[in-house]
Amino acid sequence: MNVVIIDGQGGQLGAQLVKEITAKFQNVDVIAIGTNAVATAAMLKSGAKKAATGENPVAVACRKADVIIGPIGIVIADSLLGEITEKMALSVSRADATRILLPMNKCENLVAGFSTVSTAALISDTVSKLERLLAEGK
């Protein structure tokens, strides 16, 4: 299974996701895509074996993904302080992959119905959802 993790800014969310997912699932091919070099470097440091940076890698990785994981802003153009281009947002939203989007109330995008939950709890729930997809044979 190809799992694409997309993150921007400092890449800390993506780094935590890479660390948790690579530790728990040996049969998953994780591809880390940063919207900037800092985010990519953070995910590589956390154990990603494959990584790239920028708009075109997002588009290419999304075409090959079974699951795409990242903050909800990856489907909103100009989010993450302007790092998500229209092409990136469309690539994620049009992918045939299952998307696991983490609700983050940041960068002028507020998610209604979302109470303050720790990043650790969001990551734990993400890993549980990925585990369920793997069990279902996605």
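Start by selecting V4 and I68: I68, in strand β4 (residues 67-71), is the bridge partner of V4. Strands here are DSSP E runs of at least two residues, helices are H or I runs of at least four, and both are numbered from the N terminus. This is a predicted model, where local features need pLDDT of at least 70, side-chain atom pairs count only at pLDDT 80 or more, and totals for chains, interfaces and linings use all residues. Residues are numbered from 1 along each chain as its sequence is written, and side-chain values use heavy atoms, with hydrogens and water left out.

Now show β4 together with β1: the two run parallel, joined by 3 bridges (strands pair if DSSP finds at least two bridges between them). Next, add strand β2 (residues 29-34), which pairs with β1 in the parallel sense over 6 bridges. On that side, V4 has I31 as its bridge partner.

Color β1 (residues 2-7) by burial. It's largely enclosed by the rest of the structure, because 5 of its 6 residues are buried (under 20% relative accessible area; exposed is over 50%, partly exposed in between, with a 1.4 Å probe and protein chains only).

Then jump to helix α6 (residues 119-135) and pick L122, I123, T126, V127, L130 and L133, its buried residues. They cover an arc of only 135° around the axis, so they sit on the same side of α6 (the arc is that of the directions from the helix axis to the C-beta atoms). Flip to the face turned away from that buried side for exposed A120 and A135. Last stop: G137, which follows α6 and has a positive phi, near 80°.
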